[in-house]
Amino acid sequence: MIRVAIIGASGYTGVESIEIILRHPEAELTYLTALESECGHAEDVFGQLKGRCDMEIEPLDFDKLSGLADVALCCLPHKVSMGFVPKFLEAGLKVIDFSADYRLKDPDVYEKFYNVKHTDTANLERAVFGLPELFREQIKGADLVANPGCYPTGASLAIAPLLKEGLIETDSIIVNAVTGVSGAGRNPSSKFHFPNMNENLFAYGVGSHRHMPEMEQIAGEIAGSDVRILFQPHAGPFDRGIASTVYCQPKGEVDCGKLAELYDDFYCCEQFVQICSDAPAVKDVAGTNYCHIFPTCVKGRIIVFSAIDNLIKGASGQAIQNMNIIFGLEETLGLK
Ligand SMILES: NC(=O)c1ccc[n+]([C@@H]2O[C@H](COP(=O)([O-])OP(=O)(O)OC[C@H]3O[C@@H](n4cnc5c(N)ncnc54)[C@H](OP(=O)(O)O)[C@@H]3O)[C@@H](O)[C@H]2O)c1
């Protein structure tokens, strides 16, 4: 049994990770931690766990952690995470970090978008980007996996086949996406608070969203050259899910009839990517680790639609997919 510690267990991705590990046949929860103010019996912190999780959520004690777990799922906010991760690694644990702290390879880009100096550049170098469908070989046996952001997961899976085959211009990709409210975590700002979100939909982070450089980094690795992406996020009045629409300019004439075949071939061996014959809906993937994708052509452009659950394929499910790969387990355990 893989012994799993969840750090930041009182948050949205924390409880989602608890749910998945509870049904995982080869992993067990051994340590749940949170800030002191949020601690208590797991069933009291989350009513949904009543009768299913007889564990305390406790303040983190590093001495206790090293003897109790093989892997830490670090569900902390960015900037906070990089203060903890070095200690988990020193304690000999594998770490899957949910924050952005180990995703961007260039510390200057991190500093520019997160307004803080990176304090753990040594581990940044060894971190592997945890998008299994694209970087599986690097994840195997890794000590530190940077779990991708939710928007970059949906958008990158949508355009990867086109970039890999060199079929689209790399300076004019547009990603337009809408997230549900849980994307903002459990302590939302007034903008994401119910009275503003209910019956509302708005764009935010115009020209400056932090997931833009992350998308460009992934796309650049796939294409083997610099890629420019214009990313515009929106928030809508639903709990969970991200619907992305990605607009691409083809390099030459598009053979639209062959797009579905290209995507079927690219993702043929993937358990969690489904190619659809129409634009996918967030409800189709809610509560699952799946990404649904529909590629098509309109007026000479290629448009690719994707849908994921931001808390599962965009966070906790993907983290446990990564955990399964790191430990050489069947990749779908706990996730189907
Ligand atoms: N939500 C998503 O859809 C999503 C998707 C992909 C990635 N992520 C990333 O996953 C991470 C967790 O997101 P989330 O949505 O679960 O956030 P969340 O609901 O706000 O939970 C964050 C957790 O970290 C704890 N925490 C906050 N500040 C801390 C500190 N200084 N020291 C120790 N613990 C602290 C919180 O405690 P309190 O409960 O006391 O605040 C809570 O347990 C973030 O880095 C986020 O960017 C989230």
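# Exercises on a two-domain predicted model

An open sheet of 7 strands runs in the order E10-E11-E9-E12-E15-E14-E13, and its pairing is mixed. The model is a predicted one: local features need pLDDT of at least 70, side-chain atom pairs count only at pLDDT 80 or more, and totals for chains, interfaces and linings use all residues. Residues are numbered from 1 along each chain as its sequence is written.

## Exercise 1: Walk across the sheet

**Task.** Find the edge strands of the sheet, then follow the pairing of E12 and E13.

**Solution.**

Step 1. Start with the vocabulary. Strands (E, at least two residues) and helices (H or I, at least four) are DSSP runs, numbered from the N terminus. Two strands pair if DSSP finds at least two bridges between them.

Step 2. Look for strands that pair on one side only: these are E10 (202–203) and E13 (273–275), the edge strands.

Step 3. Move in from E13. Its pairing with E14 (residues 291–298) is parallel and has 3 bridges; here Ile-275 faces Ile-293 of E14.

Step 4. Now take E12. Towards E9 the pairing is antiparallel, with 6 bridges, and Asn-176 has Thr-245 in E12 as its bridge partner. Towards E15 the strands also run antiparallel, joined by 7 bridges, and Cys-248 is bridged to Ile-302 in E15.

Step 5. Check how covered E12 is. A residue is buried if 20 or more other C-beta atoms, placed from the backbone, lie within 10 Å of its own, exposed if 12 or fewer do, and partly exposed in between. By that test 5 of the 7 residues of E12 are buried, and the strand is mostly covered.

## Exercise 2: Lay the helices over the sheet

**Task.** Which strands do H8 and H10 lie across, and at what angles do they run?

**Solution.**

Step 1. Set the rules. Two residues are in contact if their C-beta atoms, placed from the backbone, lie within 7 Å. Axes are lines fitted to C-alpha atoms, for helices over the stretch in contact, and angles run from 0 to 180 degrees between N-to-C directions.

Step 2. H8 (residues 150–164) lies across E9 (173–179), E11 (229–235), E12 (242–248), E13, E14 and E15 (301–308), at about 40° to E12.

Step 3. H10 (residues 211–223) lies across E9 and E11, at about 135° to E11.

## Exercise 3: Locate the ligand

**Task.** Where does the shell around the ligand lie with respect to the two domains?

**Solution.**

Step 1. The chain is divided into domain 1 (2–126) and domain 2 (151–309); such bounds come from an automatic or database domain assignment. Their C-alpha centres lie 27 Å apart. The contact between them takes 9 residues from domain 1 and 7 residues from domain 2.

Step 2. Both domains give residues to the shell around the ligand, so the shell lies between them.

Step 3. There are 28 residues around the ligand, and Gly-8, Gly-11, Phe-98, Ser-99 and Gly-185 come nearest. (A residue is near a molecule if its C-beta atom, placed from the backbone, lies within 6 Å of it.)

Step 4. Sort the shell by class: 11 residues are nonpolar, 15 polar and 2 charged. Ala, Val, Leu, Ile, Met, Phe, Trp, Tyr, Cys and Pro count as nonpolar, Asp, Glu, Lys and Arg as charged, and the others, Gly among them, as polar.

Step 5. Ask which helices contribute. H1 (12–22) and H13 (312–326) each supply at least two residues of the shell, and H1 gives the largest share, 3 residues.

## Exercise 4: Buried or exposed?

**Task.** Are H1, Arg-3, Asn-115 and Glu-199 buried, partly exposed or exposed?

**Solution.**

Step 1. In H1, 10 of the 11 residues are buried, so the helix is largely enclosed by the rest of the structure. The cover over these residues includes E1, E2 (27–33), H2 (42–45), E5 (71–74) and H13.

Step 2. Arg-3 sits in E1 (residues 2–7). Arg-3 is partly exposed, because 15 other C-beta atoms lie within 10 Å. Beyond its neighbours within four places in sequence, Arg-3 is in contact with Glu-28, Thr-30, Leu-68, Ala-69 and Asp-70. Between the C-alpha atoms of Arg-3 and Thr-30 there are 5.8 Å, though the two are 27 residues apart along the chain.

Step 3. Asn-115 belongs to the loop between H5 and H6 (121–126). Asn-115 is exposed, since 9 other C-beta atoms lie within 10 Å. Its phi is near 55°, a positive value in a residue other than glycine.

Step 4. Glu-199 lies in the loop between H9 (194–197) and E10. With 7 other C-beta atoms within 10 Å, Glu-199 is exposed. Glu-199 has a positive phi of about 55° although it is not a glycine.
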